[in-house]
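Please open the structure in a viewer and keep the sequence panel visible. The tour below proceeds from one selection to the next.

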Amino acid sequence: RILPLDCSGACAGIATPAWTRDGRHVVFTRVIGPFDQANNSARSAVLWTSDLDGSHLKRLSEPGIDGAYEDYDASFAPAGYVVFVRVRNTDVHNAVFRMNPDGTDVRQLTPWSLSADLPSVSQATSEPTRDTVVFETYGHGAPPGLTQQVATVRATCGSLADCTARIRYLTS
């Protein structure tokens, strides 16, 4: 079945699709050119939701980030919030964020220095992994002397400093 998401004109493509919690909608990144922003980034690459017939297209990413940041890889927690990766276009570093399903209350969970990528929030509704996000560090390649790692962070941590202190590495 083809999902009729209009991608014409300046639209360069639809990326990183995922299901919403109810299974009746999809969330995806719509990439808009031209690629004339910092580091040849897209003019806009933000999260959108749509019904399965392509109707009720709604922007999920917060306003004002176009050209400066790009949002990808959304996953929905049983508690309803969304976890996603944000790319900072000035230096192409990534961080894991969370937000409400209406795009409000955006919070950073990992520091830019980890260049966190591929986040996935646990679907568990009880401990030990409820509200836990697993992610990969250095998704675009580790700095000299470091290696990519798999790590976790709680999506319910408070400040970025609190979240950073709670990162647990699953690999060494």
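Which residues are linked with E127 in a network of salt bridges? Select R130, D131 and R154 together with E127, since these four form the network. A salt bridge here is a side-chain nitrogen of Lys or Arg within 4 Å of a carboxyl oxygen of Asp or Glu.

Before going further, note that this is a predicted model, in which local features need pLDDT of at least 70 and side-chain atom pairs count only at pLDDT 80 or more, while totals for chains, interfaces and linings use all residues. Residues are numbered from 1 along each chain as its sequence is written, and side-chain values use heavy atoms, with hydrogens and water left out.

**Salt bridges**

Remain with the network and display the side chains of E127 and R130, which meet at 3.0 Å, N to O. E127 is partly exposed at 42% relative accessibility, and R130 is partly exposed at 34%. In this tour, buried means under 20% relative accessible area, exposed means over 50%, and partly exposed lies in between (1.4 Å probe, protein chains only).

By the same rule, the count comes to ten salt bridges. Next, select R43 and D36, whose side chains form one with an N to O distance of 2.3 Å. R43 has a relative accessible area of 36%, and D36 has 42%. Then move to R107 and D105, where the N to O distance is 3.1 Å. R107 is partly exposed at 26%, as is D105 at 39%.

**A buried glycine**

Select G67, in the loop between β4 (58–59) and β5 (69–76). Strands are DSSP runs (E, at least two residues), numbered from the N terminus. G67 is buried, with 9% relative accessibility. Beyond its neighbours within four places in sequence, G67 is in contact (heavy atoms within 4.5 Å) with Q37, A42, R43, S44 and N89. R43 is thus met again here, among the contacts of G67. For a distance check, draw a line between the C-alpha atoms of G67 and D91: they are 24 residues apart along the chain and separated by 13 Å.

**Strand β8**

Proceed to Q108, in strand β8 (residues 107–108). Is Q108 buried or exposed? Its relative accessibility of 18% places Q108 in the buried class. A polar atom of the Q108 side chain lies 2.8 Å from the backbone oxygen of T110. Leaving aside neighbours within four places in sequence, Q108 touches A95, V96, F97, L160 and C163.

**Disulfides**

C163 leads to the next stop, as C163 forms a disulfide with C157, the sulfur atoms being 1.8 Å apart. A disulfide is assigned to a pair of cysteine sulfur atoms within 2.5 Å. Both C157 and C163 are buried, and their link is right-handed, with 95 degrees about the S-S bond.

How many disulfides does a search of the whole structure find? The search finds two. Select C7 and C11 for another, with an S to S distance of 2.1 Å. The link of C7 and C11 is left-handed, at -90 degrees. C7 is partly exposed at 31%, whereas C11 is buried at 12%. Numbered in sequence order, the bonded cysteines pair as 1-2, 3-4.

**Strand β11**

Finally, select V150, in strand β11 (residues 150–154). V150 is partly exposed, with a relative accessible area of 32%.

Definitions and conventions. Helix = DSSP H or I, 4+ residues; strand = E, 2+ residues; numbered from the N terminus. Polar contact = N/O pair within 3.5 Å; in protein donor to acceptor, adjacent residues only side chain to side chain.
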